[in-house]
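Take a look at the chain below. This report walks through its overall build, then a handful of its residues.

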Amino acid sequence: MNKRAEGTFALDAWDAEKPYDERDGITFTRVHVDKTFSGGLVGTSTAELITVVTENPAAYVGIERFQGTLDGRTGGFVLQHNAGGEDGKPWLTWKIVETSGTGDLKGIKGEGQIIILEDGGHSYTLDYDLD
């Protein structure tokens, strides 16, 4: 990938449904999330997640639709999330879904990560190619 976007995002909504599977100390829950991005990505998104909680938040997968601007180009794309933990430290990655770019972002490819800050906020990196 030859370009990088960095910035932060705010969680505008975290709407968790009632857990749909609770057994043996493991809980599965569907969550709807709304975000506002700043930095290299400027815009909003909506995401649907499936979370797994054990003794701590343990993992999630999700699909997110971003709409806004990147590198001065307007459009959108879809991100596929994968998150877990190792030795108590979370890792959160995302990948742009192939052929999901719209508008001026058509043809975008890339991947990145979400970083949880000490104050509980979130930052991101997105390494991408865009013709």
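## The chain as a whole

The chain has an accessible surface of about 7800 Å², and carbon and sulfur atoms hold 49% of that surface. Accessible areas come from the Shrake-Rupley method with a 1.4 Å probe, and for residues only the protein chains shown count as cover. This is a predicted model, in which local features need pLDDT of at least 70, side-chain atom pairs count only at pLDDT 80 or more, and totals for chains, interfaces and linings use all residues. Residues are numbered from 1 along each chain as its sequence is written, and side-chain values use heavy atoms, with hydrogens and water left out.

How many helices and strands does the chain have? There are zero helices and 10 strands. Both are DSSP runs numbered from the N terminus (helices are H or I, at least four residues; strands are E, at least two). The pattern along the sequence is β-β-β-β-β-β-β-β-β-β. The radius of gyration of the chain is 15 Å, close to the 14 Å that the globule rule gives for 131 residues, so the chain is as compact as a globular protein of that length. That radius is taken over C-alpha atoms, and the rule is 2.2 Å times the number of residues to the power 0.38.

Along the principal axes, the C-alpha atoms fill a box of roughly 50 × 25 × 25 Å. Of the 131 residues, 37% count as buried. Buried means under 20% relative accessible area, exposed over 50%, and partly exposed in between (1.4 Å probe, protein chains only). Among contacts with a separation of 6 or more, 43% link residues 24 or more positions apart. Contact means heavy atoms within 4.5 Å.

## Strand β5: E64

E64 lies in strand β5. Is E64 buried or exposed? E64 counts as buried because its relative accessibility is 0%. Its contacts beyond four places in sequence include K35, F37, H81 and W94. Two polar contacts join its side chain to others: one to K35 at 3.2 Å, and one to H81 at 2.5 Å. A polar contact is a pair of N or O atoms within 3.5 Å; within protein, one must be able to donate a hydrogen and the other to accept it, and residues adjacent in sequence count only if both atoms are side-chain atoms.

## Strand β10: S123 and D127

Strand β10 covers residues 122-129 and holds D127. S123 lies in β10 too. S123 is buried, at 14% relative accessibility. Leaving aside neighbours within four places, its contacts include G7, T8, F9 and L117.

D127 is partly exposed, at 22%. Its side chain makes a polar contact of 2.6 Å with that of R4. D127 and A16 are 111 residues apart in sequence and 30 Å apart in space, C-alpha to C-alpha.

## Two loop residues with positive phi

Most residues other than glycine have a negative phi. Here are two with a positive value.

| Residue | Phi | Loop | Relative accessibility |
|---|---|---|---|
| D24 | near 55 degrees | between β2 (21-23) and β3 (26-39) | 78%, exposed |
| D71 | near 55 degrees | between β5 (57-70) and β6 (73-86) | 44%, partly exposed |
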